[in-house]
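The exercises below ask for a careful reading of one model, and each is followed by a solution that goes step by step. Please look through the sequence and the coordinates before turning to the solutions.

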2 protein chains.
Amino acid sequence: MSRTNVTIVDVAKEAGVSFATVSRVLNDGANVKPEKRARVLRAIKRLGYTTNLQARSLRGGRSHLIGLLVRDLGTAYIGEIMRGVDSELAENKYDVMLYTTHRHQAKENEYVTALTRGMTDGLLLVLPRHPEGYLKSLRQKKFPYVVIDHQGIDDRGPAVGATNRAGGYDATRYLLALGHRRIGFITGSMDLGCSRERLDGYRAALRDHGVAADAELVREGNFQQPGGYAAAIELMNLQDPPTAIFASNDVMAFGVMEAARERGKKIPDDISIIGFDDIPQAAQVHPPLTTIRQPLEEMGHRAAQMLLEIIEHPEQAAEKIELPTELVMRESTRVLR
Amino acid sequence: MSRTNVTIVDVAKEAGVSFATVSRVLNDGANVKPEKRARVLRAIKRLGYTTNLQARSLRGGRSHLIGLLVRDLGTAYIGEIMRGVDSELAENKYDVMLYTTHRHQAKENEYVTALTRGMTDGLLLVLPRHPEGYLKSLRQKKFPYVVIDHQGIDDRGPAVGATNRAGGYDATRYLLALGHRRIGFITGSMDLGCSRERLDGYRAALRDHGVAADAELVREGNFQQPGGYAAAIELMNLQDPPTAIFASNDVMAFGVMEAARERGKKIPDDISIIGFDDIPQAAQVHPPLTTIRQPLEEMGHRAAQMLLEIIEHPEQAAEKIELPTELVMRESTRVLR
DNA sequence: TTGAAAATTGAAAACGTTTTCAATTTTCAA
DNA sequence: TTGAAAATTGAAAACGTTTTCAATTTTCAA
């Protein structure tokens, strides 16, 4: 590595001021004479100075690094959220340090110590799997964090989510309005709060519309395409199969579409299908998938915003945000014949 | 944040040695009496000490951070590579700092300065878009980096890729072996070396088997599903349409499948389809997609390995690795009727 | 047993910042 | 014009490490 690094001292020399003044210009900038400030800024530009983050952070300033904890990479769901997080942080000149859940199977204590003693100013947790242990520790240390897509994980901490129950309700109500009465439901991973809420919404809608719930019509899925496929096959094998299927996410809905096609069923003429999430691919398949839109990117945005706010003002009370879901009508659903 | 941080000094006090000795134990560990080492290690454990990375890195040691530059998140392609990178780095106790290409539209000079002056020990570039400018600068600064999926971007630097040309050749040869003669080809983004190589392979295979190339059969795509769909529609609209279509990645192949279905064509009976990449979803669609497997995760692994090697031994010559692609026969292709 | 060489150890400087405190300069009411 | 108050500035300490250099201790051949 090159050792020609320009430091605050070089800038000070170039500008003919003390390096403390340079630091002041770099930071709050309070109480520096305009003329000196200008000289410093010119020197910074001329020398191509950039702040050494480790030194700043060591001295107690911000590291301008946010830890982003995700369970998996390469899914559209996570991708959308990350996109939102990333752009919000970039705007505020923060960088992202990536952690994947499966990495640190180590004792969680050590893990959190590493996270908080590491160089990050705060932590963003996307749909964490077993955060009970370390969330408590984070709270105790007053380490800034925000949980994304949280339901039921953390009563007290700040969190951003979506109205999963309302989404489940809306999707079901829509199918009911189209005349469907036998509506299959494929759940997500039932250890996640959002899965339970979506199921709740489905049941509530049936109840409110006087349709008896049939346990046979509810199958457990896992948010993966093969899971959706398998559940759909089971549903279609029923003696009295559903005329519509509501999958708890889009990816499983794609599996349902595969299954339907394989059975020679036309979508939406023979069977209506509805998903959840509205990942980009939902609009790209044929027929385009009717789904419940979850503003994933927006969730990432808002969570990052919230975290930066907490870092600035640690004394503020924890906030919980639920962004509204929205029914997106496309062509995989139609009036029951 | 808690200010109860355990430092090397606390450990030294606890163990009854100087903090220099603690540092020695922590690092190379040369020349420390076994008995003292044991005392230090015990004290570390007892106090729950973890190294302050910014201090270490400031002093000139390693930051144990690798910058990972990707153009986009949330695609299976990137996800697989990142998985490989991540697990290799985790094994070596490195962390990942994430950069997305679209973030820093700023002048590239500034950008690279930030990257190299930032806290990373090295840089991993996944399929970078316009790296010409900064790669040169990285080389000059002797900043360790490895390019992943590189073709034609950087003659001199270390890189990991796959045998794209051979993959294109193999896929085409396979379709020829099945009796197909009218073989449609949908390219990737033509600004990428891998796209050009796959096309090359396709053409070479046709030539070697005495099949005249028909320019009509080659359509430009963009690695996205709608692009694949559109190109497939064009191909099927030809007077003498292809009996098989080779898409330059799986995602576009899914678009081709959509198009085929929409035209009422059975896969593979009426049309054979083959992809490239072998992302997990390729095995999950129906029928399962025949494709050219690119060892994406392995590529990430190897690139990370290589980078760590370069960081350790900067004097070594740049290496270029091309991992072999492989034909994965599934059910979207069959003998021409 | 002795003393040179090797191994071990500790003190102190340094990495590049931010921030405290005191000193200096400027402002402005009387 | 004067001098108290406010604004500006610089010196120096500190953050937690690694590493150099010198001092001390240990080893082992003679």
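**Exercise 1.** Determine how far apart the C-alpha centres of domain 1 and domain 3 of chain A lie, and state which residues the domain assignment gives to each domain of chain A.

*Solution.* In this predicted model, the C-alpha centres of domain 1 of chain A and domain 3 of chain A are 61 Å apart. As for the bounds, the assignment gives residues 8-51 to domain 1 and residues 164-295 to domain 3, while domain 2 is made of two segments, 65-162 and 297-323.

**Exercise 2.** Classify the packing of helices H1 and H2 of chain A by the angle between their axes, and name the residues that make the contact.

*Solution.* Begin with the geometry: helix H1 (residues 8-15) and helix H2 (residues 19-26) of chain A pack at an angle of about 105°, and their axes are 8 Å apart. Angles from 65 to 115 degrees count as roughly perpendicular, and H1(A) and H2(A) are therefore roughly perpendicular to each other. Next, list the partners: H1(A) contributes A:Ile8, A:Val9, A:Val11 and A:Ala12, and these meet A:Phe19, A:Val22 and A:Ser23 of H2(A). Sorting the residues of this contact by class gives six nonpolar, one polar and no charged.

**Exercise 3.** Repeat the analysis for H2(A) and helix H3 of chain A: at what angle do the axes cross, and which residues make the contact?

*Solution.* The axes of H2(A) and helix H3 (residues 34-47) of chain A come within 10 Å and cross at roughly 85°. That value makes H2(A) roughly perpendicular to H3(A). On the H2(A) side the contact is made by A:Val22, A:Val25 and A:Leu26, and on the H3(A) side by A:Arg37, A:Val40, A:Leu41 and A:Ile44. By class, this contact has six nonpolar residues, no polar residue and one charged residue. A:Val22 takes part in the contact with H1(A) and also in the contact with H3(A).

**Exercise 4.** Describe the protein surface near DNA strand C: how many residues surround the strand, which are the closest, and which elements contribute?

*Solution.* DNA strand C is surrounded by 26 residues, of which A:Ser23, A:Tyr49, A:Arg59, B:Arg24 and B:Asn31 are the closest. Of the atoms of DNA strand C that come within 4 Å of the protein, 61% are accounted for by sugar and phosphate. Three polar contacts can then be taken in turn. A side-chain N or O atom of A:Asn27 is 2.9 Å from a phosphate oxygen of the strand, and a backbone N or O atom of A:Asn52 lies 3.4 Å from a phosphate oxygen, whereas a polar side-chain atom of B:Arg24 lies 2.8 Å from a base nitrogen. The elements that give two or more residues to this surface are H2 and helix H4 (53-59) of chain A, along with helix H2 (19-26) and helix H4 (53-59) of chain B. The surface near DNA strand C divides into 10 nonpolar, eight polar and eight charged residues.

**Exercise 5.** Carry out the corresponding description for DNA strand D, and find which atom of the strand A:Arg59 approaches with its side chain.

*Solution.* Here 26 residues surround DNA strand D, and the closest are A:Arg24, A:Asn31, B:Ser23, B:Tyr49 and B:Arg59. Sugar or phosphate supplies 60% of the strand D atoms within 4 Å of the protein, and bases supply the rest. A polar side-chain atom of A:Thr21 lies 2.9 Å from a phosphate oxygen of DNA strand D, and a backbone N or O atom of A:Lys33 lies 2.9 Å from a phosphate oxygen. For A:Arg59, an N or O atom in the side chain is 3.1 Å from a base nitrogen of DNA strand D. The elements giving two or more residues to this surface are H2 and H4 of chain A together with H2 and H4 of chain B. Its residues comprise 10 nonpolar, eight polar and eight charged.

**Exercise 6.** Locate the cis peptide bond between A:Ile267 and A:Pro268 and the positive phi of A:His64 within chain A.

*Solution.* Most residues other than glycine have a negative phi, and most peptide bonds are trans. The cis bond joining A:Ile267 and A:Pro268 has an omega of about 5°, and A:Pro268 is in the loop between helix H11 (250-262) and strand S9 (272-277). A:His64, which is not a glycine, has a phi of about 55° and is placed in the loop between H4 and strand S1 (65-70) of chain A.

Methods
Residues numbered from 1 in each chain as written. Chains lettered and ligands numbered in written order. Predicted model: local features only at pLDDT ≥ 70, side-chain atom pairs only at ≥ 80, totals over all residues. Heavy atoms only, no water. Axes fitted to C-alpha atoms, helices over the stretch in contact; angles between N-to-C directions. Helix = DSSP H or I, 4+ residues; strand = E, 2+ residues; numbered from the N terminus. Parallel < 35°, antiparallel > 145°, perpendicular 65-115°, else oblique. Contact = heavy atoms within 4.5 Å. Nonpolar A, V, L, I, M, F, W, Y, C, P; charged D, E, K, R; others polar. Near = heavy atom within 4 Å. Polar contact = N/O pair within 3.5 Å; in protein donor to acceptor, adjacent residues only side chain to side chain. Domains from an automatic or database assignment.
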